[in-house]
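Reader: Hello! I am new to this structure and would love a close look at a single part of it. Could you pick one and walk me through it slowly?

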Amino acid sequence: MERRDISDEDEDDDEMVDIGGVTLDFSSTDDVPPLSSGGHDRYGSAGGPAVNGLSRPADPLEDPVPGVGTYEDFNTIDWVREKSKDRDRHREISNKSKESVSALLLSVSDAFSGWLLMLLVGLTSGAVAGGIDIAAHWLTDMKGGVCLAGFWFNHEHCCWTSNQTTFQERDRCPQWQSWAQLITGSSEGAFAYAVDYLMYMFWALLFAFLAVTLVRAFAPYACGSGIPEIKTILSGFIIRGYLGKWTLIIKTVTLVLAVSSGLSLGKEGPLVHVACCCANILCHLFTKYRKNEAKRREVLSAAAAVGVSVAFGAPIGGVLFSLEEVSYYFPLKTLWRSFFAALVAAFTLRSINPFGNSRLVLFYVEFHSPWHLVELAPFVLLGIFGGLWGALFIKANIAWCRRRKSTRLGHYPVTEVLLVAALTASLAFPNGYTRMSGAELISELFNDCSLLDSSQLCGYEQPTNTSRSGAGDSLADRPAGEGLYTALWQLALALLFKMTITVVTFGMKVPSGLFIPSMAVGAIAGRLLGVAMEQLAYYNRDWFLFRGWCSPGTDCITPGLYAMVGAAACLGGVTRMTVSLVVIMFELTGGLEYIVPLMAATMTSKWVADAFGREGIYEAHIRLNGYPFLEPKEEFEHSSSAEDVMRPRRADPPLAVLTQDGMTLAQVEELVESTRFSGFPVVVSQQSQRLVGFVLRRDLLISIDNARQRQEGVVSASRVVFSQHAPALPPEAPPDLRLRAILDLSPFTVTDRTPMDITVDIFRKLGLRQCLVTHNGKLLGIITKKDILKHMAQIANRDPDSILFN
C-alpha cells in the first residue's frame, strides 16, 4: 500500500543535494563519527525510558547497542532526548561521587572538562587566526613586490629596520622592490606600470585559482562564509564533515589565498567557521561532548564567539554576536564559557601580535574630538544609506546565487572564480583605494588626519598659521586641497566598484566573508559625507547649525568618525545585527563616547532594511539552500491549527504505524523497507489507534540487526514486542524480540485543535524533530519540522518544495 512520508527526513537520504552551491554525496561521514550512546541513562540505549525494578526475561538489548541513539547525516537531533541523557549522566556521576575518592575525582574532572575545553578552543583558534593574519598580509603584499632582505617579510616588516625611509614615504625603502624594479630596473614610466599591472593580475589569478581548486578537490564544505551553515547546525541539524579536520585545514589555507587574491571578501565570517571546526575536533577529546550532540552545540556556540573575538579583537562583541546572531540554544553556562574562551583567544592573538602594532586589529583608531548633537542628522542619514544598501545587496546577491544554481554558471565554479578575480584585479589596480586590501582601506578611511600625515585623504590646504584645536592632537578644520579632491573622486569610484563586485563575489566557491566588504562600502560613504560636512562647516560657520560650537580654529567635524558610523550602518543593514555590532565597533575604536552615534545609525539601518524584508543575508542564504531552520525571530501570525498542517491529510493513505505486540519481525521489516520514514508511532492496535510511544527508524534497524546476531532463535516469525508484559507464547513459537528499550514512551503530542502559533513555538523552544497529533488519546497524525517550514513557505507565497532537507 502506498504511504505518505510521516517523518522529518522524507526521501532525501540518498540523493545528491546542493549545499551552499556544492553538489555533495550524503554518504560522506568524514571526520565526525556517529555518536555512541551509553546504556545507563533514562532513555536506555536508544532514547526510550528504561524500565527499572521489574524482572523480565534476559534481553540482549539491555546492553548498550553501538549506533542506537545516534543520528544519520542530514537529520535533526532530538534536543529533549540529548538533554535528558546528559542530566541522567550527571546524576549518576554525582551519586557515585559520594562512594569513593576516585569517583569524587572523576566528578571534579567532569565538571572541569568544559572549562578546559574552552581553554583549548581559545588557544587553538587564536593561534590559527594569528597565522592567517600574518600569511594573508604577506601574500597580499607579494602582489606588489618582494623583500630582498627575506622573501618571507611583508612590506611593512621589510622596511622596519631601514634607515633610509622618510616620514612622507615611510613605505618606501631599498630593501623592498616592486616587480617592475626587479624586472626592468625602474619603478617609473609606462612600461614599469604595465609590468606591475601584469604581475598584480598574475598573483591575483594564481591565488584565486589555488583557492578554488583546493576547495573543489579536498573540502567542498570550505567554501562561502560558513555562518548560515553554523546557524543551521546550532539549531540541531547534522552535516557530517562540515566541521571536520579536512574542512579546517583547507579553509585555513584557502582563506589566506582568497583574501590575498584581492577579491572583495573578508576573513572575519570564515574565521567563525574555522573556530567551530577547532571546537568540534577538540570535542572528541572529552567523552561527554563526543557522545552528546546537544552538549557539543553548546561548545560550538562558544566557538562562534571565539571566531568573532579573533576576527575583530572584540571578545565582548563576539559573545554578544553568538547570542544575538548565531546561537539557537544559549544557556547561562554557555555565556560564561563563551566569555572565557573569547578572552583566551584574544589574549593568544595579542601575544602573537600579527599586525606588529600591539593591537588586536589592523584598524584600531582613536578620535580626539567629541561629536555634537547636530551631527546626529548625518549619522541617521548614514543609517538610512546602510539600510537601503543592505536590502539592495541581499536581493541582488540572492538573485545572483539563484541564477548560479539554476543555470550552467554553477557547473563551472573554477571559471567563475577566475573571471571574477580577473575583473576585480583589472579594475582595482588603477585605483589606489581598491588596490589595497579591505582592512587597509578601512584603516585609511577611519584615520584622523594629523599634521604630518601623507595620505591623500589629508590633502588639505595648509593655512599660513597652523593651529591645533584644544582637543588632543587633532588639527583645526582646513579647506580641501587638490589632493583631497583627487582622493574623493577615487573614493566615489571605489564605492561604485565595491557595491557592484561584492554582489557577485559573495557565495562563490572560495571562503568569503561579508563583514569587511560591507564595512568598506559604509566607510567610503561615511568618509565622503564626513568631508562634505567638514567643508560645509568650514565655509559656513555663521549658520545657525554651526554657530556656538564650531568656531574658527577648532576641529569641529571628524570625517573618520563618519566612516566608522557608515561602516557600522552598512554592516547592520546587511546582517541586521544591532547590540553586538555596536559593541564590536566600540571595541574597535576604543571610544565610549561614540556609542550613541553608532546606536542611532545601526538602529536606523535595521529599521530601513526591515521595511524591505526582515531577513538578513545569513537567513536569506539559509532559505536559498533549503536548510531546515526555524527562525526564532520570525513571528507566526496565521490562524491555522495542528490538523491543518499534520499528515496524513484527508485524501492521503492512513498513517504507517507499529503495534505494541501484534506484528511479526517480517511485517516490521516489510514496513521499514517499503517506506522512507525516520520514525514510526507505536499504538496499542490497528483498531484502537491509542498512542503508546514513538520509535526511530535508525534505532529500530540497528536493534533488529543486533538481535539477529546476538539473540538465538530470532526468525521472521518472531513477535516484535514494545509492551512491558507481552502475552504468553505458544510452546513451539520462536522467542519474542523485545524492543521496549528503544521506545520513547513520552513523545511530544498536541491535540488537533492546538493553534499553529503555539505548535511553532513548541518546535522552536524545545528543538523538536516531530510532534504527534492526537484526539482524546487517539493518534491522528504527525507534524514534522519540515511540515511547519513548508506551511510557513506557503503562507509567505514561496515554493514549499524549496525546503530540501529533513
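Author: Happy to help; what follows is a walk around one strand and its sheet, with two further stops afterwards.

Please keep in mind that this is a predicted model. Our part is strand β7, which covers residues 679–683. Is β7 enclosed or open to the outside? Five of its five residues are buried, so the strand is largely enclosed by the rest of the structure. A residue counts as buried here when its relative accessible area is under 20%.

Now look at which way the residues of β7 point. Gly 679, Pro 681 and Val 683 point one way, while Phe 680 and Val 682 point the other way. This fits a general pattern: in a regular strand, side chains alternate between the two faces of the sheet. In β7 the residues pointing either way are buried.

Next, the neighbours. The sheet is open and has three strands, in the order β5-β7-β8, with mixed pairing. β5 and β8 stand at its edges with a single partner strand each, so one side of each has no neighbour in the sheet. As a general point, strands of a sheet pair through backbone hydrogen bonds, and the pairing may be parallel or antiparallel.

You can find both kinds here. Strand β5, residues 658–659, runs parallel to β7, and two bridges join them. To see where they meet, find Leu 658, which stands opposite Val 682 of β7. With strand β8, residues 691–696, the pairing of β7 is antiparallel, and five bridges join the two. Within that pairing, Pro 681 stands opposite Phe 694, and Phe 680 has Val 695 as its bridge partner.

For a helix to set beside the strand, turn to α19, which spans residues 559–575. α19 has 17 residues and reaches 24 Å from its first C-alpha to its last, close to the 24 Å expected at 1.5 Å a residue. Like β7, α19 is a covered element: 17 of its 17 residues are buried. Just after the helix comes Arg 576, whose phi is positive, near 65°.

Met 577 lies in the loop between α19 and α20. With a relative accessibility of 0%, Met 577 counts as buried. Its contacts beyond four places in sequence include Phe 321, Glu 324, Phe 515 and Thr 602. The C-alpha of Met 577 also lies 8.5 Å from that of Gly 616, although the two residues are 39 apart in sequence.

One last stop is among the aromatic rings, where the model has 23 aromatic pairs. In one of them, the ring centres of Tyr 197 and Phe 429 are 4.8 Å apart and the planes meet at 25°, so this pair is stacked. The pair links distant parts of the chain, with Tyr 197 in helix α5 and Phe 429 in the loop between α14 and α15, 232 residues apart. Tyr 197 is partly exposed at 22% relative accessibility, whereas Phe 429 is buried at 5%. Phe 429 also forms a tilted pair with Tyr 200, at 5.2 Å centre to centre and 55° between the planes. Both Tyr 200 and Phe 429 are buried. Finally, the charged end of Arg 435 sits over the ring of Phe 429, 4.1 Å from its centre.

Terms used:
Residues numbered from 1 in each chain as written. Predicted model: local features only at pLDDT ≥ 70, side-chain atom pairs only at ≥ 80, totals over all residues. Heavy atoms only, no water. Buried < 20%, exposed > 50% of the residue type's maximum accessible area, 1.4 Å probe, protein only. Helix = DSSP H or I, 4+ residues; strand = E, 2+ residues; numbered from the N terminus. Pairing = 2+ DSSP bridges. Expected span 1.5 Å × (residues − 1). Phe/Tyr/Trp six-rings, centres within 6.5 Å; stacked < 30°, edge-to-face > 60°. Lys NZ or Arg CZ within 6 Å of the ring centre and 35° of its normal. Contact = heavy atoms within 4.5 Å.
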